[in-house]
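Work through the exercises below with the sequence and the model side by side. Try each task before reading its solution.

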Amino acid sequence: NLVSANFREYTRWNGKGELTTMDRKNLQEILQKVHGWGKPMRFWATPDFTNAWIKLSKLGVDVLNTDHVESLHDFFKKWSTTTYQNKIPHTVYQ
């Protein structure tokens, strides 16, 4: 079974930029609760483009809601060859 909830009940984030601290906390709390039940989580009425897919997947959303299934598939299929994260943090130049 899957838990599915209206994204807008937890945040007004439009999918651009970063989530606010409060929005991130709200989403993390519901994800933690649902995952504690041993269930996967899906939100409906989510922003539906690349940045939102990245942020939601990194938060731990199990099923991404989309009207662009082929684009979402292609994006994640290419993920490992189009992204990079340095394993050694660098000090920010001031």
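## Exercise 1: His 35 and its surroundings

His 35 has a relative accessibility of 33%, so it counts as partly exposed. The model is a predicted one.

Task: find the element that holds His 35, then list what His 35 touches beyond its sequence neighbours.

Solution.
- Step 1. His 35 belongs to helix α1, which covers residues 21-36.
- Step 2. Leaving out residues up to four places away in sequence, His 35 is in contact with Met 41, Gly 60 and Asp 62.
- Step 3. With Asp 62 there is also a polar contact between the side chains, at 2.5 Å.
- Step 4. Gly 60, another of the residues touched by His 35, comes just after α2 and has a positive phi of about 110°.
- Step 5. Val 3 is 32 residues from His 35 along the chain, and the two C-alpha atoms are 9.5 Å apart.

## Exercise 2: The chain as a whole

Task: write down the order of helices and strands in the protein chain, starting at the N terminus.

Solution.
- Step 1. Count the elements: the protein chain has three helices and two strands.
- Step 2. Put them in order from the N terminus, which gives β-α-β-α-α.
- Step 3. Add the extent: the C-alpha trace spans about 45 × 30 × 25 Å along its principal axes.
- Step 4. Turn to burial and surface. Of the 94 residues in the protein chain, 30% are buried. The accessible surface is about 7,000 Å², and carbon and sulfur atoms account for 52% of it.
- Step 5. Look at the contacts between residues at least 6 apart in sequence: 50% of them join residues at least 24 apart.
- Step 6. Finish with charge. There are 13 positive and 9 negative side chains, and the centres of the two sets are 5 Å apart.

## Exercise 3: Two loop residues

Task: decide for Gly 38 and for Ala 45 whether the residue is buried, partly exposed or exposed.

Solution.
- Step 1. Place Gly 38: it sits in the loop between α1 and β2, the latter being residues 41-44.
- Step 2. Gly 38 counts as exposed because its relative accessibility is 63%, and the cut-off for exposed is over 50%.
- Step 3. Gly 38 also has a partner from far along the sequence to check: Leu 2 is 36 residues away, with 9.6 Å from C-alpha to C-alpha.
- Step 4. Place Ala 45: it is in the loop between β2 and α2.
- Step 5. Ala 45 has 31% relative accessibility, so it counts as partly exposed.
- Step 6. Check the backbone of Ala 45: phi is near 65°, a positive value in a residue other than glycine.

## Exercise 4: The buried side of α2

Task: name the buried residues of helix α2 and say which helices they pack against.

Solution.
- Step 1. Helix α2 covers residues 50-59, and its buried residues are Ala 52, Trp 53, Ile 54, Lys 55, Leu 56 and Leu 59.
- Step 2. These buried residues pack against α1 and against α3, residues 69-82.
- Step 3. Take Lys 55 from the list. Its relative accessible area is 18%, so Lys 55 is buried.
- Step 4. Not counting residues up to four places away in sequence, Lys 55 touches Trp 13, Gly 17 and Glu 18.

## Exercise 5: Aromatic rings

Task: classify the ring pairs that Phe 75 forms with Trp 53 and with Trp 79.

Solution.
- Step 1. The structure holds six aromatic pairs.
- Step 2. In the pair of Trp 53 and Phe 75, the ring centres are 6.1 Å apart and the planes meet at 50°, so this pair is tilted.
- Step 3. This pair links distant parts of the chain, with Trp 53 in helix α2 and Phe 75 in helix α3, 22 residues apart.
- Step 4. Trp 53 counts as buried because its relative accessibility is 4%. Phe 75 is buried too, at 18%.
- Step 5. Phe 75 and Trp 79 are edge-to-face, with 5.5 Å from centre to centre and 75° between the planes.
- Step 6. Both of these residues lie in helix α3, four residues apart, about one turn of the helix. In an α-helix there are 3.6 residues a turn, so residues three or four places apart point the same way.
- Step 7. Trp 79 is partly exposed, with a relative accessible area of 25%.
- Step 8. Trp 53, Phe 75, Phe 76 and Trp 79 make up one aromatic cluster.

Methods: Residues are numbered from 1 along each chain as its sequence is written. This is a predicted model: local features need pLDDT of at least 70, side-chain atom pairs count only at pLDDT 80 or more; totals for chains, interfaces and linings use all residues. Side-chain values use heavy atoms; hydrogens and water are left out. Buried means under 20% relative accessible area, exposed over 50%, partly exposed in between (1.4 Å probe, protein chains only). Contact means heavy atoms within 4.5 Å. A polar contact is a pair of N or O atoms within 3.5 Å; within protein, one must be able to donate a hydrogen and the other to accept it, and residues adjacent in sequence count only if both atoms are side-chain atoms. Accessible areas come from the Shrake-Rupley method with a 1.4 Å probe; for residues, only the protein chains shown count as cover. Lys and Arg count as positive and Asp and Glu as negative; His and the chain ends are not counted. The place of a charge is taken as NZ of Lys, CZ of Arg, CG of Asp or CD of Glu. Rings of Phe, Tyr and Trp (its six-membered ring) pair if their centres lie within 6.5 Å; planes under 30 degrees apart count as stacked, over 60 as edge-to-face and the rest as tilted.
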